[in-house]
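Here is a short report on a single protein chain. The sections cover strand pairing, the open sheet, the core and overall totals.

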Amino acid sequence: MPALTQHNHEARMTRIWSRTSRAVAMTLAGLGLAACVEDAVLAPPPPNPAEVVHYWHFNALPAGTLTAVAADVSTLGGAEITYPGTGAGYMDQVSPGSDLNAEVGTVAGLGLRPRNPANTRELIIVAPSTGYEDLELSWAVQRSSAGAAQEEVFYSVNGGTTWVAVGGVFAVSETWEVMTIDLAPIAAVDNLAGLRFRILFTGAGADGASGNHRIDNLKITGVPIS
Ligand SMILES: [Ca+2]
């Protein structure tokens, strides 16, 4: 909404009152126009709200070894999770998942289980951000008793050639909890078709023959660039 001076606004309201019904005026009041009488200039419009760009709730995962998991919900498409590396580790479904960090109306259902040994693999999250800024990455996580003690997150703006650590080292416990990384200060990840993230499993237990992490409701939100 363009800025209006108080004078112009009041003159406009007078004209409206003179030729329209009370019902129309009440509608304008409902839109907030009546609230600006005390202000010299109307407030600027609010920023666009953030929306879910990619969302994995994992509730439709098939049984067996998983090599690539597409996002369950995506405004852009092309989002998937893989777990490349060496050794016996792999991904499969886990039940139950968690409703932490879930979108409204989404049940806990299933989660994703990257299995040990995990220190020879990396969880790759391909997540285009074309048309979005002020990103946020979040997910619910727990580990099994023998799972890796930590997760470390990185982003890449060049398709995985180089990685930048972000958010520090997360200690992961045996109780589900939500990890959130605010990417709004990092303009490099905005509006980028080739954006990807990776999660490394580190610390005690990451090299184990058994043990795993359980991940659910992994979400990337962003604000549409206007
Ligand atoms: Ca789930």
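## Pairings of β1

Strand β1 covers residues 51-56, and strand β13 covers residues 213-224. They pair in the antiparallel sense over 5 bridges. E51 stands opposite G222 in β13. The model is predicted.

β1 also has a pairing with strand β3, residues 73-74. Here 2 bridges join the strands, which run antiparallel. Within this pairing, H54 has S74 of β3 as its bridge partner.

## The open sheet

Which strands form the open sheet, and in what order? There are 6 of them, arranged β2-β4-β7-β12-β9-β10. The pairing is antiparallel. At the edges sit β2 (68-70) and β10 (164-171), each paired on one side only. From one strand to the next, the twist averages 20°.

Strands of a sheet pair through backbone hydrogen bonds, either parallel or antiparallel. One pairing in this sheet joins β9 (residues 150-156) to β12 (residues 196-202). The two strands are antiparallel and share 7 bridges. F154 has R198 in β12 as its bridge partner.

## The nonpolar core

The largest nonpolar core has 40 residues. Those with the most contacts inside it are W56, L112, I125, A127, L135 and F197. Several strands each supply at least two residues of this core: β1, β5 (91-94), β7 (123-126), β8 (132-143), β9, β12 and β13. The largest share, 6 residues, comes from β8.

Two of these contributors, β9 and β12, also pair with each other. Likewise, β1 and β13 both supply core residues, and they pair over 5 bridges.

## Contacts of F197

F197 is among the core residues with the most contacts inside the core. Which residues does F197 contact, leaving aside its neighbours within four places in sequence? They are I125, A127, L137, V153, F154 and Y155. Two of these, I125 and A127, are also listed among the core residues with the most contacts. Another is F154, the bridge partner of R198.

## Whole-chain totals

The protein chain has 226 residues, and 33% of them count as buried. Its secondary structure comes to 2 helices and 13 strands.

How much of the contact set with a separation of 6 or more comes from residues 24 or more positions apart? In the protein chain, such pairs account for 78% of those contacts. The β1-β13 pairing joins residues 51-56 to residues 213-224, and the β1-β3 pairing brings in residues 73-74.

Terms used: Residues numbered from 1 in each chain as written. Predicted model: local features only at pLDDT ≥ 70, side-chain atom pairs only at ≥ 80, totals over all residues. Pairing = 2+ DSSP bridges. Helix = DSSP H or I, 4+ residues; strand = E, 2+ residues; numbered from the N terminus. Axes fitted to C-alpha atoms, helices over the stretch in contact; angles between N-to-C directions. Buried ≥ 20, exposed ≤ 12 C-beta atoms within 10 Å, placed from the backbone. Contact = placed C-beta atoms within 7 Å. Core = buried A, V, L, I, M, F, W, Y, C linked by C-beta atoms within 7 Å.
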